[in-house]
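Here are some notes for a colleague at the bench, set out as numbered points to be read alongside the structure.

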Amino acid sequence: MEIRLHKLALTGLVTLGALGLAACGGGGGSSDSENGGVSGSPTVVGGTWEEDNFLPSSSFANQCVSPRSGTDPATGSAYADVAGTREDENNWLRSMSNELYLWYDEIEDQDPASFDDSLAYFDELKTFALTPSGREKDRFHYTVPSDEWYSQTESGVYVGYGIQWALLSSTPPRKAVVAYLDEENGGNLPDIITRGAEVISVDGVDLAYGDDVDTLNYGMWPENDGESHVFEIRPLGSSTIETVTLVASPVQSDPVQYVKTVDTNSGRKVGYMLFNDHIATAEAELIDAVSELESESVDDLVLDLRYNGGGYLDIAAELAYMIAGDNTAGQVFEIAQFNDQHPETNPITGAPLDGTPFYSTGLGFVDESLYGEELPTLNLSRLFVLTSENTCSASEAIINGLRGIDVEVIQIGETTCGKPYGFYPLDNCGTTYFTIQFSGVNAKGFGDYSDGFVPNGNYGTDADLPGCVIGDDFDNLLGDADEARFATALNYIETGECGDIAVSAFSISGESEGAPAFNARVTKEVSRSNRIMVK
């Protein structure tokens with residue numbers, strides 16, 4: 001039996017022992033009947049499949065089994081859909097992948113007519129090669145219904161409780177705690193729901209040993225507005241178990257939280273901020289946060305990216321400028337490298353491959369008044385980042401981009417997820433497809449970190465960073481100077497060493513202590529877990 005994480009638009013499963021987690025990708029597209037088709041006879045395009053013979057993807061675009069009608073919210077124009085066949089939709093996927101997929105020559109060409117499910121066909125249109133550490137090279141093949149994708153990326157809205165869970169143990173005895181809240185003040189949640197609060201049971205099913213994992217799934221990751229589920233919770237620092245009812249509703253992520261400064265014993269002023277998502281609404285919040293820290297004249301910044309799975313690369317480029325300022329002059333943040341069919345030109349935009357700059361002015365993602373406005377900057381020559389295996393994609397691009405211009409990056413925490421890849425989301429017939437189209441390299445040409453950035457690493461590569469390995473501390477709140485990773489960063493700032501700060505081993509429901517909370521898994525919607533480009 002498996003438990004999935006964030007079934008919202010995600011249906012593929014990957015097993016982690018007896019308790020499974022939903023994959024960050026795979027599946028999730030709409031069925032043929034969900035979007036409501038328009039009448040008309042389908043026009044078959046293409047004909048008999050010939051291996052390694054491809055027509056342009058434009059020959060099949062927008063020819064749909066169930067065409068949409070009405071206005072596309074992403075463009076403001078009518079949907080371009082017309083009546084088509086399943087083979088048309090599959091042929092578009094096949095040709096698109098051959099044109100754009102970074103490892104197109106590693107795809108096994110299969111007859112699109114032999115698949116009656118486009119999502120299943122898309123799952124085959126990827127490489128199955130492994131990284132040097134033995135992980136899948138492409139762990140990032142996704143689909144999302146297009147209407148949900150638009151909602152997630154533009155507003156940060158999803159259905160849930162406003163709680164991001166951390167799964168600390170995936171096999172019995174299981175353990176899950178609150179990692180953080182999507183609203184800094186907790187929104188409408190009970191006061192006992194804070195970071196570190198432990199889930200004991202869901203709708204009467206014991207989390208640690210219960211067999212009914214479906215009930216655990218649907219309770220912890222609800223799908224529908226208005227769903228209510230009963231939780232037994234042990235609040236942080238308490239031995240008492242409380243019973244609360246949580247009701248799912250549309251939640252808007254608050255991507256920048258706990259902006260503060262700490263004065264060290266030596267008199268240095270250290271800024272801190274938790275940055276969770278490179279979504280469109282983050283732009284204004286980051287500008288406000290950096291403006292506040294700039295007014296405090298901070299000497300160092302601790303940027304907490306431990307739960308930041310990525311998002312818009314341009315927002316990463318804005319933040320990198322706001323950190324480094326004058327150090328970015330004349331430099332490029334990241335250069336996209338597409339497959340060998342596109343050595344000089346971006347195949348999506350048609351523009352030369354000049355790279356993403358360190359943006360010094362706003363881009364106006366949500367607030368158009370920010371477009372062209374000069375961004376604040378801290379003008380720092382070093383940065384402390386707090387990381388975990390959840391730190392991915394656009395977050396790793398911040399690390400890599402700054403190192404490319406010789407800004408020192410000191411890493412506190414765990415090895416990052418290892419995703420130097422990205423894509424432009426592509427909508428066809430109501431499903432938005434995410435297929436790896438490029439790898440990103442910094443100004444020095446480095447981008448080979450498919451196994452992650454490693455704190456205090458000794459692998460002899462540029463993915464080794466100075467810093468300290470330390471687990472996630474769920475005994476203290478984020479932004480608290482006693483929280484282990486933040487405390488370690490403060491000690492490093494003062495002494496140049498990691499110190500002897502320890503993370504408490506966790507115990508399961510009062511039983512004997514287990515391992516420290518390394519590898520706490522916090523998985524999010526696709527819009528919050530990738531390196532995403534806009535046209």
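1. Please bear in mind throughout that this is a predicted model. The points below take up the nonpolar cores, then one helix, then the aromatic rings, and finally some backbone angles.

2. The largest nonpolar core comprises 47 residues, and those with the most contacts inside it are Phe-275, Leu-286, Leu-303, Leu-319 and Leu-402. Two or more residues apiece are given to this core by strand S15 (269-275), helix H5 (282-295), strand S16 (300-304), helix H6 (313-324), S20 and H7, and the largest share, 10 residues, is that of H6. In general terms, nonpolar side chains in soluble globular proteins tend to be buried together.

3. Leu-402 is worth a look in its own right: leaving aside residues up to four places away in sequence, Leu-402 touches Ala-320, Ile-323, Ala-324, Phe-358, Leu-383, Val-407 and Val-409. There is also a second, separate core of 28 residues, which includes Val-270, Ile-470, Ala-484 and Phe-486.

4. Helix H8 (residues 484-495) contains 12 residues and reaches 16 Å from its first C-alpha to its last, close to the 16 Å expected at 1.5 Å a residue. Because nine of its 12 residues are buried, H8 is largely enclosed by the rest of the structure. Among the buried residues of H8 are Ala-484, Arg-485, Phe-486 and Tyr-492, and the buried residues of this helix pack against strand S14 (256-263), S15, S16, S20, strand S21 (408-413) and strand S28 (467-469). Just after H8, Gly-496 takes a positive phi of about 75 degrees.

5. The structure holds 19 aromatic pairs. One of them joins Phe-115 and Tyr-121 in a tilted arrangement, with 4.8 Å centre to centre and 45 degrees between the planes, and both Phe-115 and Tyr-121 are buried. Elsewhere in the list of rings, Tyr-142, Trp-149, Phe-423 and Phe-434 are linked into a cluster by ring pairs.

6. Two residues other than glycine deserve a check of their backbone angles: Asp-52 has a positive phi of about 65 degrees, and Ser-393 has a positive phi near 60 degrees. Is Ser-393 buried or exposed? Ser-393, which lies in the loop between strand S20 (382-387) and helix H7 (394-403), counts as buried because its relative accessibility is 0%. Asp-52, in the loop between strand S2 (21-22) and strand S3 (63-64), counts as exposed because its relative accessibility is 57%.

How values were computed. Residues numbered from 1 in each chain as written. Predicted model: local features only at pLDDT ≥ 70, side-chain atom pairs only at ≥ 80, totals over all residues. Heavy atoms only, no water. Helix = DSSP H or I, 4+ residues; strand = E, 2+ residues; numbered from the N terminus. Buried < 20%, exposed > 50% of the residue type's maximum accessible area, 1.4 Å probe, protein only. Core = buried A, V, L, I, M, F, W, Y, C linked by side-chain atoms within 4.5 Å. Contact = heavy atoms within 4.5 Å. Phe/Tyr/Trp six-rings, centres within 6.5 Å; stacked < 30°, edge-to-face > 60°. Expected span 1.5 Å × (residues − 1).
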